[in-house]
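Colleague: I've just opened this one and I'd like to go through the labels with you. Could you show me where each word comes from?

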Amino acid sequence: SKKGYFRTAHRDRDTRIISFLIYLNTISKKDGGQFQVFDLKKKDAEILHRFPNPKSVIERKKFPPKSGQLFLFLSSPNSYHGVKKFVSKTKNRIFIYGSFTMDRKVNWKIKINN
């Protein structure tokens, strides 16, 4: 990705099971491009939109691009993530992205402990 790239909080398509991201270069914090992990705010936790309203999510963690770093996560209905705006004028954010995907919607089952 180049200058200006970003991704607002979102979850991946309903056909994905596992997603991954591998960084191939290291980017300084001032250049942006951090991988972000979000949670829904409590009042909106029952509504799992693919692209939630930015006001209904809270950033829990962000990870700066670091060469060799791997992110592997379940692509469940509440796995909200994004990318902070990449602002470097001289560097590219280089990564490999992939996923294990079904040919139909994945029906996630939620177990609630009482």
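**Where the labels come from**

Modeller: Let's begin with one residue: leucine 74 lies in strand S5. A strand is a DSSP run of E with at least two residues, and a helix is a run of H or I with at least four, both numbered from the N terminus. Before we go on: this is a predicted model, where local features need pLDDT of at least 70, side-chain atom pairs count only at pLDDT 80 or more, and totals for chains, interfaces and linings use all residues. Residues are numbered from 1 along each chain as its sequence is written, and side-chain values use heavy atoms, with hydrogens and water left out.

Colleague: How many helices and strands does the protein have?

Modeller: Zero helices and seven strands. Along the sequence that reads β-β-β-β-β-β-β.

Colleague: Back to leucine 74: is it buried, partly exposed or exposed?

Modeller: Buried means under 20% relative accessible area, exposed means over 50%, and partly exposed is in between (1.4 Å probe, protein chains only). Leucine 74 has 48%, so it is partly exposed. For the whole protein, 33% of the 114 residues count as buried.

Colleague: Which residues make the nonpolar surface patch?

Modeller: Ile18, Leu70, Leu72, Leu74, Phe100 and Trp108, together giving a patch of about 580 Å². To join a patch, a residue needs over 30% relative accessible area and no salt bridge; nonpolar side chains (Val, Leu, Ile, Met, Phe, Trp, Tyr) are joined within 5 Å, like charges within 9 Å. Leucine 74, at 48%, clears the area limit. Strand S5 (residues 70-74) gives the patch its largest share, three residues.

Colleague: What is the bridge partner of isoleucine 18 in S5?

Modeller: Leucine 74, a patch member we've already met. Five bridges join strand S2 (residues 16-23) to S5, and the two run antiparallel. Two strands pair if DSSP finds at least two bridges between them, so S2 and S5 qualify with five.

Colleague: In what order do the three strands of that open sheet come?

Modeller: S5-S2-S7, with antiparallel pairing. S5 and strand S7 (95-101) stand at the edges with a single partner strand each, so one side of each has no neighbour in the sheet. Neighbouring strands here are turned by 10° against each other on average, direction ignored.

Colleague: And what is the order in the open sheet of four strands?

Modeller: That sheet goes S1-S6-S3-S4, again with antiparallel pairing. Its edges are strand S1 (7-10) and strand S4 (57-63); each has a single partner strand, so one side is left without a neighbour in the sheet.

Colleague: How do you know that S3 and S4 pair?

Modeller: Count the bridges: S3 and S4 have six, in the antiparallel sense. Aspartate 39, for one, has isoleucine 58 as its bridge partner in S4. Strand S3 (residues 35-40) and strand S6 (residues 81-83) have three bridges, with glycine 82 in S6 as the partner of glutamine 36. Six and three both reach the limit for pairing, so both pairs count.

Colleague: Now the charges. What makes arginine 11 and aspartate 14 a salt bridge?

Modeller: Side chains of opposite charge can pair when their charged atoms come close. The rule asks for a side-chain nitrogen of Lys or Arg within 4 Å of a carboxyl oxygen of Asp or Glu. Arginine 11 and aspartate 14 are 2.6 Å apart, N to O, so they pass. Arginine 11 is buried at 10% relative accessibility, whereas aspartate 14 is partly exposed at 34%.

Colleague: How many salt bridges does the rule give?

Modeller: Six. Among them is aspartate 12 with arginine 16, at 3.9 Å. Aspartate 12, at 5%, counts as buried, and so does arginine 16, at 15%.

Colleague: Which residue forms a salt bridge with lysine 30?

Modeller: Aspartate 31, the closest N and O atoms being 3.9 Å apart. Lysine 30 has a relative accessible area of 67%, so it is exposed; aspartate 31 has 6%, so it is buried. Lys30, Asp31 and Lys91 are linked in a network of salt bridges.

How values were computed
Areas by Shrake-Rupley, 256 points an atom, 1.4 Å probe, with all protein chains shown as cover. Axes fitted to C-alpha atoms, helices over the stretch in contact; angles between N-to-C directions.
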